[in-house]
Each structure stands twice: as C-alpha cells, then as structure tokens.
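Got the model open in your viewer? Follow along and select each stop as we come to it.

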Amino acid sequence: MRERTTGYAGFLDMEDLVRPSDCDTLTKGREAPFQHALERFVDSINSEARLSPSGVAAVRSRIKSSLAMQRRVSALRPPSSPALDAPVFITGMPGTGAALLHNLLAEHPGVDAPAMWELADPASGADTPGERRALIARGRAHAVAGGRTTAGRAVGLLRQATRPGSCQWLLANTFHSPALSMAHHVPSYSSWMEGQDMVPAYGFHRLQLQAVCNRVSGGALVLRDPFHAPYLSDLVRVYPRARIIRMHRDPADVLASTAGIAWSQRIADSAGVVDPTEVGAEWADWLERHFADAEASRTRIGEDRILDIRHADLVGDPVATLRRATAFVGVPTTPVVEQNMVALAREAAMSAQSAWHFEPEEFGLSRRELGHRFAEYRRTYGA
C-alpha cells in the first residue's frame, strides 16, 4: 500500500477491514475473493480521495458491509433460477433514460425487475411478512441516504426502495464497479478498473442474483446498470443468453448528469472543496474512453443481441418505443399494460420538468465543444 499522504483527515487500514478470520471463513486460508480490488480501492482512497472523518467512516462501513455480504452469499450457495438463463440488461449512463425504461418495463406483469431493497441485501430471507417489511425499511433508509447524490436537484420518483434497483449494488460488493469512482476521487483505482477482467465479478453478481430470484422470482428478468456497456463480452461469458438494451442521449446532457452526481457525492464526504471543473474534466475523459470500449465490446458480442433506444424516442413516443422494448424482452403487451406504462411515463416527465437539472457549464464544459468532441457517437446513434 502506498505511503499515506499527510494532511488528509483519515485512512483505511486493510488489517482492520479484512481480518484473517474473515479470509478463513471465505477461502479456507487463501486470499479473500476480490481482495486485490479492495486493496487497489483502499490505496486510492488513502492517497487521493481527501475524505473527511465522516467520509472515512462511511467508506469503512460500506466496505465492511460488502465483505459481510460476500461471506453471507457465499455461505448460501442458492440453486440457479431459470430466470437467469436469458436476462435482459439495460445499460446507459445517468440521464439517458435507463432508469425510466427499467421502471416502465417493471409495470408489465410478465417482467421481473428486482427492487432496490432486494438488491441492497440479497442474502437476507424474506420468507415472512415481518422479514420483508424489515428489508424494505432498510431499503428506504438507503434511498433516503442516496438523495444526496443529486444535491437536492432531482425528484426521486424512480429511485425509491420498491422501484427497480441497479446492478451496481451487486457489483460494488466485489469492488469492481465504476460507481465507486463516482462517489470518490480515486483516479488510480478508476484507471486500474477500466482494464480489468470482469468475469469473476459478474460470477459473484450472478450468485447474488440467484439468491434474489430464489427469494422473490417470476417473469422475464430485466436488470440495469450504467456501466455494463464496456464489459458486455465479459457479461455474456457469465450470462451466455443475455440480451442488452443500450440507451443513448446527447453526451453533453449525459456528462452534466454524471458529473453532477459525482460532484454531489464527493462534497458529502470530502475534507475540502470539490472543484466542479476537475470533476467535469475527469468524466469527459472517462466518457470518451467508455464509448470507445463500449463499441469494441458491442462488436464482439454481435448486433442481434442488442437493442438501441434513444432518450428522445422514449420520452417523445413512449408507446412505440415500449412496444419495441417489450418485443425485445419477449413479453406481449395489452392496452391496460400500455396505459399503466404511459401513465408512469407522464408522471416521470412531470417530475423531471420540476427538477433543477445540472448543466455542462457548471463543470467547466462547453456544450458546443462537447458536440464536436463526441460528433461520431452523435452521428452513429442520432443523439
């Protein structure tokens, strides 16, 4: 581990986070699963993140929670669910409408979209009403805590405990998730993360999902995560019959949303001022690499397994777009189902209109310059 930089408010100690008894429980003496990823993350936190004392405590708590989840899920070893044979993964960066589409599809009775409370604790049982209520209550606490991620600018209509959750809950438990780079300034971890083989992480993702599906299951399994796109070739090695829905929007709007979430999360745990222009430059560079890696990964798995949807089409013509999406998922639509979906789409649109959105200029980014920088992506997807 790197020498700790003086002047920061605190540090994380690997010996405190991972005790020998924990490793023995998981591996019978071998290195704990994903320990190298954890070490890289902790190293970057200690040398780069500039956390406040409360920020250090929060990260320590999250790490210990993930390690505990690894132990609990590994002990469960749930049987594989048929729902895992051909899941559909929605992927799109913040602001693309991925969460909206996921929520709209969840209105279909033939779709199983695990809720945030389910993904936040895949190892606990929900066999009784009391256990289920307790899990939902914990999920609501997570949702309230997550309200800081938009600095109070967005209405959390689609991000409630009982709404469809994100795969980042599962991947973060392996310390293989770019979501960790959003919450903290950890450039060395982020750089390391971009080149990793994600197959082991997706393997544990599947094990956690098995526990969820065996607890509450039924229907076509639909999941989402902002960061799947560059790792599709790894994802399909673990889910060989998976299909992918990719959401697209003007990169200037995507960058504003992404940088806004990252900045909001970081100011909550930082020991000092978080420079929004630094955050904007970081994520503009990251998004450029993200798009390039996503295209390479797309080529490797084949076009027949991918459906592209533009944000403009989802909000401009939700009925036609949802018909394309449900046909791709393989569930039939009915007038009543479509009415329910459209009603939620209208409610979400009203919430979006009342929210105060981030703009690229707040992060030192020019919408015009971004248009030139991402011109090829915009031409390809009409974004």
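Start with the whole chain and its contacts. Of those between residues at least 6 apart in sequence, 83% join residues at least 24 apart. Keep in mind that this is a predicted model. Colour by secondary structure and you should find 19 helices and 5 strands. Switch on burial colouring next: 55% of the 383 residues are buried. Put a surface on the protein chain, and about 16600 Å² is exposed, with carbon and sulfur atoms supplying 52% of it.

**Stop 1: α3 and α10**

Select helix α10, residues 187–194. Which of its residues are buried? Ser-188, Tyr-189, Ser-190, Trp-192 and Met-193. Show their surroundings and you'll see them packing against α3 (35–48), α9 (179–183) and α14 (276–301).

Now keep α3 and α10 and hide the rest. Their axes are 7 Å apart and the packing angle is about 150°; angles over 145 degrees count as roughly antiparallel, so that is what α3 and α10 are to each other. For the side chains, pick His-36, Ala-37, Arg-40, Phe-41, Ser-44 and Glu-48 on α3, which meet Pro-187, Ser-188, Tyr-189 and Trp-192 on α10. By class, this α3–α10 contact holds 5 nonpolar, 3 polar and 2 charged residues.

Zoom in on Ser-44, which sits in helix α3. Buried or exposed? Ser-44 counts as buried, because its relative accessibility is 0%. Leaving aside residues up to four places away in sequence, Ser-44 touches Ala-49, Val-186, Pro-187, Ser-188 and Tyr-189. Try a distance label too: the C-alpha atoms of Ser-44 and His-185 are 8.3 Å apart, although 141 residues separate the two in sequence.

**Stop 2: the loop before α9**

Move to Ser-177, in the loop between α8 (168–171) and α9. With a relative accessible area of 1%, Ser-177 is buried. What does Ser-177 touch, not counting residues up to four places away in sequence? You should be able to pick out Gln-168, Leu-171, Ala-172, Tyr-189 and Met-193. Two of those names are familiar from the first stop: Tyr-189 and Met-193 are among the buried residues of α10.

**Stop 3: α13 against α14**

Select helix α13, residues 251–269, together with α14. Here the axes are 9 Å apart and the angle is about 130°, which makes α13 oblique to α14. Rotate the pair to check the handedness: α13 passes α14 in a right-handed crossing.

There are plenty of side chains to show here. From α13, take Pro-251, Val-254, Leu-255, Thr-258, Ala-259, Ala-262, Trp-263 and Arg-266. They meet Pro-276, Val-279, Gly-280, Glu-282, Trp-283, Ala-284, Leu-287 and Phe-291 of α14. Colour the α13–α14 contact by class and you get 12 nonpolar, 2 polar and 2 charged residues.

Stay on α14 and pick His-290, which lies in this helix. At 5% relative accessibility, His-290 is buried, since anything under 20% qualifies. Outside its sequence neighbours up to four places away, His-290 touches Met-93, Pro-226, Phe-227, Ala-229 and Pro-230.

**Stop 4: α5 across α16**

Next, select helix α5 (residues 98–106) and helix α16 (residues 318–329). The two axes come within 11 Å and cross at roughly 70°. That angle makes α5 roughly perpendicular to α16, and the crossing is right-handed. The contact is made by Leu-101, Leu-104 and Leu-105 on the α5 side, with Leu-322, Ala-325, Thr-326 and Val-329 on the α16 side. Sort the residues of the α5–α16 contact by class: 6 are nonpolar, 1 is polar and none is charged.

**Last stop: after α19**

Finish with Gly-382, in the segment after α19 (375–381). How accessible is Gly-382? With a relative accessible area of 41%, this glycine is partly exposed. Add one more distance label, from Gly-382 to Asp-250: their C-alpha atoms are separated by 8.3 Å, with the two residues 132 apart along the chain.

Methods:
Residues numbered from 1 in each chain as written. Predicted model: local features only at pLDDT ≥ 70, side-chain atom pairs only at ≥ 80, totals over all residues. Heavy atoms only, no water. Helix = DSSP H or I, 4+ residues; strand = E, 2+ residues; numbered from the N terminus. Buried < 20%, exposed > 50% of the residue type's maximum accessible area, 1.4 Å probe, protein only. Contact = heavy atoms within 4.5 Å. Areas by Shrake-Rupley, 256 points an atom, 1.4 Å probe, with all protein chains shown as cover. Axes fitted to C-alpha atoms, helices over the stretch in contact; angles between N-to-C directions. Parallel < 35°, antiparallel > 145°, perpendicular 65-115°, else oblique. Left-handed = near helix turned anticlockwise from the far one by under 90°. Nonpolar A, V, L, I, M, F, W, Y, C, P; charged D, E, K, R; others polar.
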